[in-house]
Amino acid sequence: MNAQKNILMVTTSADALTNGRKTGVWLEEIAVPYLALAKTGASITVASPKGGAVPIDPHSLDDTSVAKWPDIMELLKNSAPLRNIQADGFDAIFLPGGHGTMMDFATDAELKRLLLDFTKADKIIAAVCHGPAGLVGAKKPDGTPLVAGKTITAFTDEEEIAVQLEKVVPFMLETTLRAEGANFVGGPQWAPHVEVDGNLITGQNPASSEAIAHAVLEHLH
């Protein structure tokens, strides 16, 4: 990587699902890509719809993850509010998942503004697991859905049913992305799987965190 690259990572601000179950960002899905990208010298800004402390899904926390990623835990104590962020100056936007994204990404106007600006500038848009919830409702400059005609992946309906949360998410991610015209490709449950369509890079699940980071790095060169 020649000149330093600037990457915007946008996490959820939502800390609960419709039934009150605690949620947030899935730690692995921000920690692994963040560290992989930072290791190459990239400058990374972490932002969220509300700004401030980012909720971490408690189901993604265990003694191992907390011990492995203390710097990320510290980083998530203070994120920039999306309203203060402009696409100018960033080379890529990356949306980590966690079920919290299902509660705020699809309806957040500031995130939609940023995604439109990244699309207009033909910059990298990447999202993993439930992060593609941010692509729901996002538009191209001509007003058509951002994902229409694009080959993408995300947390599959099959995986949602397997974790028994299909009744407490506000919508099914795969079904909704398909309805917006995406060519959705699902891989085996829990296996690493990344799809690249131009500057749109998507990963299926937590296991895809490292693979999507490498895909983003390849496209940043």
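**Sheet, helices and salt bridges**

I7 finds its bridge partner in strand 2, namely I44. That contact belongs to a set of five bridges joining strand 1 to strand 2 (residues 43-48), and the two strands run parallel. Everything described here comes from a predicted model.

Zooming out, the sheet is an open one of seven strands, ordered 3-2-1-4-5-9-8, and its pairing is mixed. Strand 3 (80-81) and strand 8 sit at the edges, each pairing on one side only. As for background, strands of a sheet pair through backbone hydrogen bonds, either parallel or antiparallel.

Two helices can be placed against this sheet. Helix 5 (residues 109-120) lies across strand 1, strand 4 and strand 5, and runs at about 140° to strand 4. Helix 8 also packs on the sheet, where it touches strand 1, strand 4, strand 5, strand 8 and strand 9; the angle between its direction and that of strand 5 is about 175°.

Helix 8 deserves a closer look. Its twelve residues (209-220) span 17 Å from first C-alpha to last, close to the 16 Å expected at 1.5 Å a residue. The buried residues of this helix are S209, I212, A213, A215, V216, L217 and L220. Their cover includes strand 1 (6-10), strand 4 (92-95), strand 5 (124-128), strand 8 (194-197) and strand 9 (200-203), and helix 1 (27-38) contributes as well. In general, an α-helix has 3.6 residues a turn, so residues three or four places apart point the same way.

On the charged side of things, a search of the whole structure turns up five salt bridges. One of them is between K150 and D197, at 3.8 Å from N to O. This pair ties together distant parts of the chain, with K150 in the loop between strand 5 and strand 6 (151-152) and D197 in strand 8, 47 residues apart. K150 counts as partly exposed because its relative accessibility is 25%.

E174 and R178 form another salt bridge, with 3.0 Å between N and O. Here both partners lie in helix 7 (residues 173-179), four residues apart, or about one turn of the helix. The two ends have their own exposure classes: E174 has a relative accessible area of 14% and is therefore buried, whereas R178, at 42%, is partly exposed.

A salt bridge also links K77 to E74, the closest N and O atoms being 3.1 Å apart. With 54% relative accessibility, K77 counts as exposed, since the cut-off for that class is over 50%.

Terms used: Residues are numbered from 1 along each chain as its sequence is written. This is a predicted model: local features need pLDDT of at least 70, side-chain atom pairs count only at pLDDT 80 or more; totals for chains, interfaces and linings use all residues. Side-chain values use heavy atoms; hydrogens and water are left out. The expected span of a helix is 1.5 Å times one less than its number of residues. Buried means under 20% relative accessible area, exposed over 50%, partly exposed in between (1.4 Å probe, protein chains only). Contact means heavy atoms within 4.5 Å. Two strands pair if DSSP finds at least two bridges between them. Axes are lines fitted to C-alpha atoms, for helices over the stretch in contact, and angles run from 0 to 180 degrees between N-to-C directions. A salt bridge is a side-chain nitrogen of Lys or Arg within 4 Å of a carboxyl oxygen of Asp or Glu.
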